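Colleague: Could you walk me through this one before I set anything up? I have some short questions.

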Amino acid sequence: MANITKKVSWSSRADDSAAAAAAAGEGTPLLNGSEQPRSFRQHAAGGSLFQIGRLTTVELEEEVTADEDSLRGQAREIPHTEKLLSLKYESLDYDNIENQLFLEEERRMSHMSFRCLEISRWVVCGLIGLLTGLIACFIDIAVETLAGLKYEVIRRNIENFTETGGLSISLILWVGFNAAVVMLGSILVACFEPIAGGSGIPQIKCYLNGVKIPRVVRLKTLVIKVFGVICSVVGGLAVGKEGPMIHSGAVVAAGVSQGRSTSLKRDFKMFEYFRRDTEKRDFVSAGAAAGVSAAFGAPVGGVLFSLEEGASFWNQMLTWRIFFASMISTFTLNFVLSVYHKKPGQLSNPGLINFGRFEIESLEYSFYEIPLFIAMGAIGGLLGALFNFLNYWLTIFRIRYVHRPCLQVMEAMLVAAVTATVSFTMIYFSTDCQPLAPENSEEYPLQLFCADGEYNAMATAFFNTPERSVRSLFHNQPGSYNPLTLGLFTLTYFFLACWTYGLAVSAGVFIPSLLIGAAWGRLCGILLASISSSGSLWADPGKYALIGAAAQLGGIVRMTLSLTVIMVEATGNVTYGLPIMLVLMTAKIVGDYFIEGLYDIHIKLQSVPFLHWEAPATSHWLTAREVMSSPVTCLNRIEKVGTIVDTLSNTSTNHNGFPVVMQVAGNDEPAKLCGLILRSQLIVLLKHKVFVELARSRLTQRKLQLKDFRDAYPRFPPIQSIHVSQDERECMMDLSEFMNPTPYTVPQDTSLPRVFKLFRALGLRHLVVVDDENRVIGLVTRKDLARYHLGKHGLEELQLAQT
């Protein structure tokens, strides 16, 4: 984690506390683990702080002494609090900038041009679906091949040593293989691209919410994500490969829609019109849906996932295109896997996770079973809340202590070794032997100390890829599992999965959640059959495994609508639509009473300014005047180049939007708002030297077009890389043609919920606050709104930190 160079807090509360801390001789701990320097304490006590409106910014950079430098080399605690919002995250420019260049381009475009653009959007969505499906195929085939090789070698080894003795060598082989493979995957993530760690769903949720997460949709991230998830699953960790598919689909969408690769420095001169945040974010939502579709074989679930989890702006055509991308993704995966399994044309592999077909008889349920399902939903909510609570504190521990790449790799290897050791120990001491019936789908049956013709049931759960274990819990015959086996498996796998999520590896939490739930759900089915006088009523524990899986997953991730449809589509039967919906609703209500969903927790721990659907419930008394940042750095419509360069170079402000004002000629009144211009636009203008004097002297100079702005997107050069001579600093720049002349504005007395609704629904980045005379008095950004949230003690205000 980067060191904090500034501590930013709200001055109305921070000044007194800073002075009190200084007087008491206490140092406020910062995210990088260091206390405030002594010079700062004196500075704070003196009270001479540089203020930006209601913000207080304190510079913490100073010379480092030799003693401090030696201390810096030692591993230290990094204190962390979720009561922070990071200043490093910016908003996406989802709102179109309707300047003169944009309007001229629109006028030049014919009706046929717009039709061609619409066709291009469909083509891009088709390509997104195709490529996402192919990536899913590659992951699936690689995992099946490598995992099959691993389990076959270890199975033979165990069988040999069962007869001759020396099973400890089999354990060492298993542990060594897992640790080596996981080490490779962890090195890729920890050392080369940390953003590729985890499932990627929290980051994609943030992106669709309108937050620009650095490096989240880069090609390098995709490559490391794919190879990382293969290593994680083959390395035997308690993870799934389905969650990362959503991130992979989003990266594919972001790349394909731009018609070029900035990482490879290749421009294919395609889809140039889509090189802006408005279009890109829509395509990323299609990519996320295609990822869900490829993972679960659930095209409708994919569309609903994008709708429920992310995009704030939605229209009917977008829904239709996203559904098309999802369908293409599922079909591609289905077709390629059917060819790979030498059954071309038999489209029986709709997704990476195939729950198998439930027989109609086994899916029958009675009305009086619904209360039992709801009770299981409540159990899932409680267990999910416990999972999230443990993972929350574990994540804080990792942020504080396990923040170096070498420590992260070592922790991943430790978890891999412990997982293999626990699995081996559970199988070794298990006495649950089941007859090896031909209908049982055990791919790697372990006999161990069982009699001939029998296999170890505990090995079915542990000695397998998680997807196969879920399928066996759903479909194996009644009596295939001992209740003690299921109880022990649930307990151990619960803690292993909790420990694993958040490691520096690419991994999802969907499959471990389903596996834990399927295990305790099947256990519930067995116990119900044992206490019932007529066991035939509860004949199939597989349906309880399905309900338990849904309850556990709902209790952890707290998705409702999309998860219901995903489960229904994945099982291939709509019969259980109502029970699954009731179970997921119950799990969410019970879980939310204790703690938030897992993805929301990780978003909060990353200090992302995430905007929920509604403003906090008790915020009507707050107005735009109290929420806004002020005073605002404004630019004149015709501004001096030197002033613009100095404004952009000022590291203490680092603003990204500047209201453009115009002074009424011969009038002493303050300047009035006439537009808004972005930092990225100003940088392009400086790069191309669009100065008034040069335009007059060079009549042949090419007029700047929107294409020049699109070519610079999305990695605009920093202001430090643009050279402006002393003579050029004296030139003037006319912003009239490039600014947005109609920015959204609100009066200063507008309530916070109204400001929030306008900002959230339109996907804004800046909202200008004006007085009755249309004079700029402040600017509302995402961070100004996200810092208010409803806590245990009413409305709370978060602090801002430069991380």
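Modeller: A cut-off to begin with: buried means under 20% relative accessible area. Ser 607, at 4% relative accessibility, therefore counts as buried, and please keep in mind throughout that this is a predicted model.

Colleague: Where is Ser 607 found?

Modeller: Ser 607 lies in the loop between helix 22 and helix 23, and although this residue is not a glycine, its phi is positive, at about 60°.

Colleague: Which sign does phi have in most residues other than glycine?

Modeller: Most residues other than glycine have a negative phi, and most peptide bonds are trans.

Colleague: Which other residue has a positive phi although it is not a glycine?

Modeller: Lys 689 has a positive phi of about 50°, and this residue sits in the loop between helix 25 (679-687) and helix 26 (692-697). With a relative accessible area of 22%, Lys 689 is partly exposed, whereas Ser 607 counts as buried.

Colleague: And cis peptide bonds, where are those?

Modeller: One joins Ser 630 and Pro 631, with omega about -10°, and Pro 631 belongs to the loop between helix 23 (624-627) and strand 11 (635-636). Another joins Tyr 713 and Pro 714, with omega about 0°, and Pro 714 is placed in the loop between helix 27 (706-712) and helix 28 (726-729).

Colleague: Back to helix 22: how many of its residues are buried?

Modeller: In helix 22, 6 of the 8 residues are buried, so this helix is largely enclosed by the rest of the structure. The buried residues are Leu 598, Tyr 599, Ile 601, His 602, Ile 603 and Leu 605, and what covers them includes helix 7 (201-209), helix 13, helix 18 (510-531) and helix 19 (541-557).

Colleague: Which pocket lining takes its largest share from helix 22?

Modeller: That is the lining of the second largest pocket, to which helix 22 (residues 598-605) gives 6 residues. This pocket has a volume of about 1500 Å³ and is lined by 49 residues, of which Glu 596, Asp 600, Lys 604, His 612 and His 789 lie nearest its centre. By class, the lining divides into 26 nonpolar, 8 polar and 15 charged residues.

Colleague: What about enclosed space, how many cavities of 30 Å³ or more does the structure hold?

Modeller: There are 5 cavities of 30 Å³ or more, and the largest cavity contains about 180 Å³ of space. Its lining has 15 residues, with Asp 95, Ile 97, Leu 676, Asn 740 and His 766 closest to the centre, and strand 14 (residues 672-678) supplies the largest share, 3 residues. That lining is made up of 8 nonpolar, 4 polar and 3 charged residues.

Colleague: How many charged residues are in the lining of the second largest cavity?

Modeller: The lining of the second largest cavity has no charged residues, its members being 10 nonpolar and 7 polar. This cavity has a volume of about 140 Å³, and among its 17 lining residues, Tyr 151, Gly 236, Phe 462, Asn 464 and Tyr 493 lie nearest the centre. Helix 14 gives the most to the lining of this cavity, with 3 residues.

Colleague: Switching topic, which residues touch the most other members in the largest nonpolar core?

Modeller: The largest nonpolar core has 145 residues, and those that touch the most other members are Phe 355, Ile 427, Phe 474 and Phe 510. Helix 5 (residues 111-164) gives the most to this core, with 14 residues, while a second, separate core of 30 residues includes Leu 101, Leu 648, Leu 704 and Met 733.

Colleague: What does Phe 355 touch, not counting residues up to four places away in sequence?

Modeller: With those left out, Phe 355 touches Val 470, Arg 471, Phe 474, His 475, Leu 514, Met 567, Ala 570 and Thr 571.

Colleague: One last residue, Glu 369: buried or exposed?

Modeller: Glu 369 counts as buried, because its relative accessibility is 2%. Glu 369 lies in the loop between helix 12 (316-340) and helix 13 (370-401), and its side chain makes a polar contact of 3.2 Å with the side chain of Lys 543.

Colleague: And the protein as a whole?

Modeller: The secondary structure comes to 30 helices and 21 strands, and 55% of the 803 residues are buried. Of the contacts with a separation of 6 or more, 78% are between residues 24 or more positions apart.

Note on methods. Residues numbered from 1 in each chain as written. Predicted model: local features only at pLDDT ≥ 70, side-chain atom pairs only at ≥ 80, totals over all residues. Heavy atoms only, no water. Core = buried A, V, L, I, M, F, W, Y, C linked by side-chain atoms within 4.5 Å. Buried < 20%, exposed > 50% of the residue type's maximum accessible area, 1.4 Å probe, protein only. Helix = DSSP H or I, 4+ residues; strand = E, 2+ residues; numbered from the N terminus. Contact = heavy atoms within 4.5 Å. 1 Å grid on protein atoms, 1.4 Å probe; cavity = no way out; pocket = protein on both sides within 12 Å on 5 of 7 lines; lining within 4 Å. Points joined across faces, edges and corners; volume = space filled by probe spheres on them. Nonpolar A, V, L, I, M, F, W, Y, C, P; charged D, E, K, R; others polar. Polar contact = N/O pair within 3.5 Å; in protein donor to acceptor, adjacent residues only side chain to side chain.
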